[in-house]
Amino acid sequence: MLLPAVVLGLGVPRMLLTGDYAGLHGSAAWALLAAVAGAGAALALLTPVVPALSRRAAEVARMRHALRTHTDPGPDLRARLDLSARRVLRLHWMGRAMPVLPAVLLLQAEWDSPATSLPAAVVLVAGYAALALWHRRRTLAAARWVADRPGPARPAPPVPWWEPWLGGRRLLALSGGYVLLVVLVTLLAR
C-alpha cells in the first residue's frame, strides 16, 4: 500500500512545479499520474484477495525482513535473496543520483505561484531525501548479506550475462553512448 503514496508523494509535487510527468504535459500528465497511482492501489487492494499475489507478498515480506535483520529466510528463499542482494549492490549507484533528481526538478520549476511552488518543493525534497535514506539502508543491508550470507554454506548464484551492465564502467559506457546518441540525433534533426 506504500507504492501509491510514493507515486503521489513524488509525482504531485513534480506536476505542481514543472507541469509534466513522464514526458507528458498538462491533463495527460495528470491522467498518467492518476493511472499509475490507481494501478498501485488496485494491486495493493487485490493482494489479500488473490492467492498468488498474497503468497508473493508474504515471500517478499520474509525476504525484506531477513535482509534487514540479517537472518536466514529459509531454504525456499535463500537463493532468491542471495540474487536480490547482489543486484541491489550492483544498483548502489542509484543512491548517488537521488540528490540530483530534485535539484533538476527545482531548476525546471515554474516559480510563478510561490504559495503552491514552495510547499511542493519542500515535499519533493523531503520525499527524495526519504527515498535516498531507504535506498542507503537497503544497500548497506545487501552488502552485509553478500559479505556474510546467513544459513548453511552455499555457492553464490551464477551471474547472467546482462547483470554486470547494471553498474560500474559498463553502465557508464552505456550511459555515455546514450548521451552521444541523443546529441547526434538532436544535431541531425536541425
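How much accessible surface does the protein have, and what share of it belongs to carbon and sulfur atoms? I looked this up first and noted about 12300 Å², with 71% belonging to carbon and sulfur atoms (Shrake-Rupley method, 1.4 Å probe; for residues, only the protein chains shown count as cover).

I keep in mind that this is a predicted model, in which local features need pLDDT of at least 70 and side-chain atom pairs count only at pLDDT 80 or more, while totals for chains, interfaces and linings use all residues. Residues are numbered from 1 along each chain as its sequence is written, and side-chain values use heavy atoms, with hydrogens and water left out.

For the secondary structure I noted eight helices and two strands (DSSP runs numbered from the N terminus: helices are H or I with at least four residues, strands are E with at least two). Of the 190 residues, 26% count as buried (under 20% relative accessible area, against over 50% for exposed and in between for partly exposed, with a 1.4 Å probe and protein chains only).

I then turned to helix α2, residues 26-46, where A29, L33, A37 and G40 are buried. Seen down the axis of α2, the buried residues fall within an arc of 60°, so they line one face of the helix (the arc is that of the directions from the helix axis to the C-beta atoms). On the other side of α2, I found S27 and L45 exposed. The buried residues of α2 pack against α1 (2-18), β1 (20-21) and β2 (24-25) (contact means heavy atoms within 4.5 Å).

Last, I checked V183, which sits in helix α8, residues 168-189, and counts as partly exposed because its relative accessibility is 42%.

Conventions: Expected span 1.5 Å × (residues − 1).
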